[in-house]
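These are my notebook entries from one session with a single model. I set down each item in the order in which I looked it up.

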Amino acid sequence: MKISKDDIVVFLGDSVTDCGRDRQEEISFGAGYANIINALFRISHPDFLVRFINKGIGGDQTTHVIKRLQTDVLDYRPNIITLCIGINDVLGSYYCPCTKTGVSAEKYRANMEIIIQRILDSKVKLLLMTPYLIDTNPLEPMRITMMEFADICIDLADKYQLEVINLQELFESMMTSGIYSYELSTDRIHPSYMGHMAIAMEIMKRFEA
């Protein structure tokens with residue numbers, strides 16, 4: 001997935017990607033991994049004219065991405081899309097079950113296939129990132145569900161021969177090595193600057209492979 005000199009790269013996802021960006025400004029990257037990557041790549045490759053675009057929207061589920069995929073993403077004619085979506089599909093079943101906004105694993109898989117197929121049909125390279133919960137408790141129900149959704153991402157990446165970053169595995173390996181969960185996130189979902197840096201470093205490995 002090595003980036004070429006004039007590529008357009010879109011970061012697509014929910015609040016983890018959005019991270020407070022100004023949606024009225026195309027050059028606004030928010031305070032998360034999209035901003036870090038833009039800065040790191042520009043410093044590392046000043047001769048490249050890569051255009052990075054942040055299209056994360058807080059609260060988005062897979063259904064929202066499907067609805068806005070063409071006009072909000074594909075119309076930019078990107079060369080590469082990174083996609084991190086699914087956390088809110090899970091949270092709807094746990095944080096606000098009375099609203100019935102949660103998405104089943106079967107529906108999540110179907111939605112992801114629609115997104116993947118439309119992106120690949122547009123001849124765009126796709127890097128998937130799995131949903132995650134920054135928690136190592138094996139009995140935590142939401143973690144169990146999140147890992148099920150992560151497995152769906154990994155399975156689809158294998159089916160469509162896509163690159164994938166297992167964020168659950170990434171964060172758990174960091175915690176196993178001695179980093180505390182509260183250093184990575186205060187609410188188990190939204191990464192701290194350290195958490196965003198970890199995501200950015202993993203993406204950069206793919207971009208420079």
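Entry 1, Arg77. I began with the exposure of Arg77, which counts as exposed because its relative accessibility is 72%. I note that the model is a predicted one. I then placed Arg77 in the loop between H3 and strand S3 (80–84). Its phi is near 55°, a positive value in a residue other than glycine.

Entry 2, Lys123. I looked up another residue with positive phi and recorded Lys123, where the angle is near 65° and the residue is again not glycine. Lys123 sits in the loop between H5 and strand S4 (125–129). I classed Lys123 as exposed because its relative accessible area is 74%, over the 50% cut-off.

Entry 3, helix H3. I asked which residues of helix H3 (residues 62–72) are buried. I listed Thr62, Val65, Ile66, Arg68, Leu69 and Asp72. I then traced what these buried residues pack against: strand S1 (8–13), strand S2 (51–56), helix H4 (87–91) and helix H5 (105–121).

Entry 4, the nonpolar core. I counted 69 residues in the largest nonpolar core, and I found that Tyr33, Phe52 and Phe207 touch the most other members. Helix H6 (residues 141–160) supplies the largest share of this core, with eight residues. As background, I note that nonpolar side chains tend to be buried together in soluble globular proteins. I followed Tyr33 beyond its neighbours within four places in sequence; its contacts there include Phe11, Val16, Met129, Ile199 and Ile203. Thr17, Thr82 and His196 are also among the contacts of Tyr33.

Entry 5, Arg206. I asked whether Arg206 is buried or exposed. I entered it as buried because its relative accessible area is 19%, and the cut-off is under 20%. Arg206 belongs to helix H9 (residues 193–207). I found that its side chain reaches the backbone oxygen of Val164 at 3.4 Å. Apart from neighbours within four places in sequence, Arg206 is in contact with Met1, Lys2, Leu127, Glu163, Val164 and Ile165.

Entry 6, Asp18. I turned to helix H1 (residues 15–18), where Asp18 is found. Asp18 counts as buried because its relative accessibility is 5%. I recorded a distance of 3.0 Å between a polar atom of the Asp18 side chain and the backbone nitrogen of Gly58. Leaving aside neighbours within four places in sequence, I listed Arg23, Phe29, Gly30, Asn54, Gly56, Ile57 and Gly58 as the residues in contact with Asp18.

Entry 7, Asn35. I located Asn35 in helix H2 (residues 33–44). I entered Asn35 as partly exposed because its relative accessible area is 31%. Not counting residues up to four places away in sequence, Asn35 touches Phe29 and Gly30. A polar atom of its side chain lies 2.7 Å from the backbone oxygen of Gly30. I also checked Asn35 against Asn54: they are 19 residues apart in sequence, and their C-alpha atoms are 8.5 Å apart.

Entry 8, the cavity. I asked how many cavities of 30 Å³ or more the structure holds, and I found one. The volume of the largest cavity is about 50 Å³. I read its lining as Arg21, Asp22, Arg23, Glu25, Glu26, Ser28, Ile53, Asn54 and Lys55. By class, I recorded six charged residues, two polar and one nonpolar in this lining. Arg23 and Asn54, which I had listed as contacts of Asp18, are among these lining residues.

How values were computed:
Residues are numbered from 1 along each chain as its sequence is written. This is a predicted model: local features need pLDDT of at least 70, side-chain atom pairs count only at pLDDT 80 or more; totals for chains, interfaces and linings use all residues. Side-chain values use heavy atoms; hydrogens and water are left out. A nonpolar core is a set of buried Ala, Val, Leu, Ile, Met, Phe, Trp, Tyr and Cys residues joined through side-chain atoms within 4.5 Å. Buried means under 20% relative accessible area, exposed over 50%, partly exposed in between (1.4 Å probe, protein chains only). Helices (H or I, at least four residues) and strands (E, at least two) are DSSP runs, numbered from the N terminus. Contact means heavy atoms within 4.5 Å. On a 1 Å grid over the protein atoms alone, a cavity is a set of points where a 1.4 Å probe fits but cannot get out, and a pocket is an open set with protein on both sides within 12 Å along at least five of seven lines; lining residues have an atom within 4 Å of a point. Grid points are joined across faces, edges and corners, and a volume is the space filled by probe spheres set on the points. Ala, Val, Leu, Ile, Met, Phe, Trp, Tyr, Cys and Pro count as nonpolar, Asp, Glu, Lys and Arg as charged, and the others, Gly among them, as polar. A polar contact is a pair of N or O atoms within 3.5 Å; within protein, one must be able to donate a hydrogen and the other to accept it, and residues adjacent in sequence count only if both atoms are side-chain atoms.
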